[in-house]
Every structure is written in structure tokens, then in C-alpha cells.
Amino acid sequence: MRSKYTSLQIALHWLVFLLVVGAYCAMELKGFAPRSYRPIFNATHVTCGISVFFLMIARLLVRIKYRAPVITPKPHPAITGMSHLVHIIIYLMFIVLPILGFMTVYFKGSDWSVFGISMPHAVEPDEDMEFNIKSYHELIANIGYFVIGIHAFAALFHHYIWKDNTLVRMMPGKKG
């Protein structure tokens, strides 16, 4: 069995990471920019979010095809269980968040596009629906900070404290 994830899995993981950083940064930093730049920040956020959605679907399909490489030394089953739970949450979160974001913009009812492609929108804006969906989107995104932090902390803990190969399995260019 392999000691590392496939090159495709590693590339998808780090590309999603960069796009998630881009989406979060676009929203966090737009308030510091002049109002005239805010549409650029919104477009960046939406483009990153939709890209994350498709890449997470791809990651999920690739993950189904290729089993995770073994962690050595093998962690306690409870640790493995928690790891699986966090990964399920991450997959769900970064598939659901873009869907909620898409629906938020849809119910806004104005013309919009992604990658130059016109996207559908409600014929009549529905501000209540837009607000409700946006509230869920923001709540899950804020929870995302903690989940991402737990994920990163666990990877570093595995690497530096338990000294297993958990982190190395997902690093590009490192020997397994």
C-alpha cells in the first residue's frame, strides 16, 4: 500500500486550501477596501466558493476511488474516529457553503456571472429568503474557522508530537 496520497489528491487538497483562503480573505478584507472595490471582493469570493464546490466534489470522487494511505505508527482508534468525523464535517461544509452562497446570490435576483458565464437568478428578488440563507452561510463559514483550525492543529500535532506520517502523506514533494 502507498505511504502517501496520490499526486491528484495532494494537488486537489492544496488547491482547495488556497481557494478557501481566497474566499475567506475576500470577505474579511472587503470592509477595508473602498466601496468601489467591493464588487471585486464579492466576485472573488463567489468565484473561489464555486470553484471549491466543484473541487470538493472531485476530491470526494477521487477519495472514494483511492483509499487513504496508512498512518504509521497507527493511532488509537478513537483518534482515527475523530479524524474521520472532522473530515466528514470538512467535506460537508465545503460542499454546502458554496450551495448556500449560490442560493443567496440567486435570491438576490440580480444579474451575475462566474468565469464569464451568466448564472441563473430569481425573476423577483426574495430578500427574506436571501437573508435567511445568507445567515446560514455565514454561520457555517464562521464555524469553518474552528474546523479548519482543528484540522491544521491535528496535522501539526501528529507531525511534531506523535511523530507519525499523517502530515507527510499530504505534503507535495516529500518522501513517504
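Begin by selecting helix H2, which supplies 9 residues to the lining of the second largest pocket, the largest share from any element; helices here are DSSP runs of H or I with at least four residues, strands are E runs of at least two, and both are numbered from the N terminus. The model is predicted, so local features need pLDDT of at least 70 and side-chain atom pairs count only at pLDDT 80 or more, whereas totals for chains, interfaces and linings use all residues. Residues are numbered from 1 along each chain as its sequence is written, and side-chain values use heavy atoms, with hydrogens and water left out.

Stay with this second largest pocket, which holds about 950 Å³ of space. A pocket is an open set of points on a 1 Å grid over the protein atoms alone, where a 1.4 Å probe fits and protein lies on both sides within 12 Å along at least five of seven lines, and lining residues have an atom within 4 Å of a point; points are joined across faces, edges and corners, and the volume is the space filled by probe spheres set on them. Select Met27, Asn42, His45, Val46 and His137, the closest to the centre of this pocket among its 36 lining residues. Two or more lining residues come from each of H1, H2, H3, strand E1 (113–114) and H4. By class, the lining divides into 19 nonpolar, 10 polar and 7 charged residues, where Ala, Val, Leu, Ile, Met, Phe, Trp, Tyr, Cys and Pro count as nonpolar, Asp, Glu, Lys and Arg as charged, and the others, Gly among them, as polar.

Move next to the largest pocket, with a volume of about 1,600 Å³, and select Ser83, His87, His151, Thr166 and Arg169, which lie nearest its centre among 49 lining residues. Helices H1 (7–29), H2 (38–65), H3 (77–108) and H4 (127–162) each contribute at least two residues to this lining, whose classes are 35 nonpolar, 9 polar and 5 charged.

Now turn to the nonpolar cores, each a set of buried Ala, Val, Leu, Ile, Met, Phe, Trp, Tyr and Cys residues joined through side-chain atoms within 4.5 Å. In the largest, of 20 residues, Val52, Met56 and Phe94 touch the most other members; H1, H2, H3 and H4 each give two or more residues to this core, and the largest share, 7 residues, comes from H3. Centre on Met56 and, leaving aside neighbours within four places in sequence, look for its contacts (heavy atoms within 4.5 Å) with Val16, Ile90, Tyr91, Phe94 and Ile95. A second, separate core of 6 residues includes Ile50, Val105, Trp112 and Val114.

Two residues of helix H4 make the next stops. Val147 lies in this helix and counts as buried at 11% relative accessibility, the classes being buried under 20% relative accessible area, exposed over 50% and partly exposed in between, with a 1.4 Å probe and protein chains only. Beyond four places in sequence, Val147 contacts Val86, Ile89, Ile90 and Met93. Glu130, also placed in H4, is buried with a relative accessible area of 16%, and its contacts outside that same sequence window are Thr104, Phe107 and Lys108.

Finish with the UniProt record, an unreviewed entry, which places the feature "transmembrane region" at residues 41–62, 83–107 and 139–162; such annotations, given in the numbering used here with shortened feature names, may be inferred rather than shown by experiment. Residues 41–62 are 100% helix and 0% strand, with end C-alpha atoms 31 Å apart, and residues 139–162 are likewise 100% helix and 0% strand, with end C-alpha atoms 33 Å apart.
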